[in-house]
Amino acid sequence: MNILTLMETFSVVVDTGSFTAAAEKLGFSKSFISKQISTLEDDLGTRLLYRTTRKLSLSDEGGQFYKHCKIIMAEAENARAEVMDSQGAPKGKIRLTLPQSLIISGFGQLLIEFQLQYPEIELEVIASGRTEDLVEEGIDIALRVGQLEDSCLISRRLADCTFQVVASPQYIRKSGTPYQPADLMEHNCLIYSDSKINRGWPFLSPSGESITVKAKGSLTSNDGGLIVESILRGLGIGFGPSFLFKNDIEEGRLQLLLSDYYQPATTISALYPLNRNLSRRVRMLVDYLSERLSV
């Protein structure tokens with residue numbers, strides 16, 4: 001049997017977690033799926049899956065082989081989509097990951113407008129602040145805020161932003177104004193836990209000295225919307241990228257604090273794997289975001 005067919009079956013079994021679910025997804029019988037996996041293991045000369053009555057688990061060799069299968073399946077889908085895209089209106093699926101802060105700040109609206117413009121493109125949006133393995137998880141593109149770690153990913157700058165400290169006028173009236181980063185230790189700081197700098201808020205003094213404040217307070221959450229709403233309601237002080245607070249600052253609902261201590265501007269970037277040729281639809285999304293954010 002074709003090795004690519006066996007690899008696809010193996011990937012689906014791992015993704016779904018059972019022969020039964022894989023059989024339903026692929027439209028074959030459970031016994032046929034089981035036979036395909038056995039054929040693949042015989043061909044490779046090693047055990048890929050450990051089977052019990054309750055679950056399946058990968059062997060070490062199976063885990064390595066699964067990673068290769070996902071890369072090959074993704075490339076096959078990209079090749080198929082590239083040909084289909086070139087024949088007419090862009091279509092197909094884009095798996096996109098980005099931090100929740102981008103979604104609640106207006107990026108979500110940009111993605112909706114993109115889909116309205118290109119209705120045959122399917123978006124799967126994963127709101128996450130963690131660093132995913134784009135190839136292993138089959139993600140086409142990731143949007144990230146801040147300094148990028150060295151990796152095998154290609155990056156494209158979309159826009160600039162600054163990390164800011166903000167509070168509502170009612171909080172400042174009640175608790176006072178911090179005048180230097182150390183003053184934050186006496187205030188209720190609201191922590192967005194999905195950020196890499198969740199408890200170590202970085203600053204730069206006017207003389208160029210790096211300062212890190214170990215923020216603490218009554219609320220820690222990975223829900224960026226809850227953190228922003230809590231800041232607006234006067235619960236405490238928040239720290240985050242400028243795009244998150246822009247409208248509320250302009251309309252007077254939030255006030256900037258400690259602006260003399262901000263770090264230099266950082267970037268919002270689009271990342272994609274080095275070994276992956278961007279499909280037409282993904283290039284269109286990146287171009288669209290770049291154009292809209294530069295206005």
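The following paragraphs describe the overall build, the buried contacts and the charged pairs of a predicted model.

Residues are numbered from 1 along each chain as the sequence is written, and side-chain values rest on heavy atoms, with hydrogens and water left out. Because the model is predicted, local features require pLDDT of at least 70 and side-chain atom pairs count only at pLDDT 80 or more, whereas totals for chains, interfaces and linings use all residues.

The chain holds 9 helices and 14 strands, where helices (H or I, at least four residues) and strands (E, at least two) are DSSP runs numbered from the N terminus. Its C-alpha atoms fill a box of roughly 70 × 45 × 35 Å along the principal axes. An automatic or database domain assignment divides the chain into domain 1 (3-85), domain 2 (90-160 + 267-292) and domain 3 (161-265), and the centres of domain 1 and domain 3, taken over C-alpha atoms, are separated by 47 Å. Of the contacts (heavy atoms within 4.5 Å) with a separation of 6 or more, 75% are between residues 24 or more positions apart. The accessible surface, obtained by the Shrake-Rupley method with a 1.4 Å probe and with only the protein chains shown counting as cover for residues, comes to about 15,700 Å², of which 49% belongs to carbon and sulfur atoms. Buried residues make up 41% of the 295 residues, where buried means under 20% relative accessible area, exposed over 50%, and partly exposed in between (1.4 Å probe, protein chains only).

Two buried residues illustrate contacts within the chain. Phe245, found in helix H8 (residues 242-250), counts as buried because its relative accessibility is 1%. Leaving aside residues up to four places away in sequence, Phe245 touches Gln164, Val166, Ile231, Phe239, Gly240 and Leu254; Val166 lies 79 residues from Phe245 along the chain, yet their C-alpha atoms are separated by 8.0 Å. Asn188 is placed in the loop between helix H6 (169-175) and strand S8 (191-192) and, with a relative accessible area of 18%, is also buried. A polar atom of the Asn188 side chain lies 3.0 Å from the backbone oxygen of Leu235, and, with the same sequence neighbours left out, the residues touched by Asn188 include Tyr171, Lys216 and Leu235.

Leu258, in the loop between strand S13 (255-257) and strand S14 (266-273), has a positive phi near 55° although it is not glycine. Most residues other than glycine have a negative phi. Leu258 is buried, at 8% relative accessibility.

The model has 12 salt bridges, each defined by a side-chain nitrogen of Lys or Arg within 4 Å of a carboxyl oxygen of Asp or Glu. In one of them, Asp15 pairs with Lys70, the closest N and O atoms being 3.1 Å apart; this pair links distant parts of the chain, with Asp15 in helix H1 and Lys70 in helix H4 (residues 60-86), 55 residues apart. Asp15 is partly exposed, at 40% relative accessibility. Arg157 and Asp160 also form a salt bridge, with an N to O distance of 3.1 Å, and Arg157 is partly exposed at 49%, as is Asp160 at 47%. The side chains of Glu229 and Arg233 meet at 4.0 Å, N to O; Glu229 is partly exposed, at 40%, whereas Arg233 counts as exposed, at 63%. Lys93, Arg95 and Glu124 are joined into one network by salt bridges that share partners.

Key:
Polar contact = N/O pair within 3.5 Å; in protein donor to acceptor, adjacent residues only side chain to side chain.
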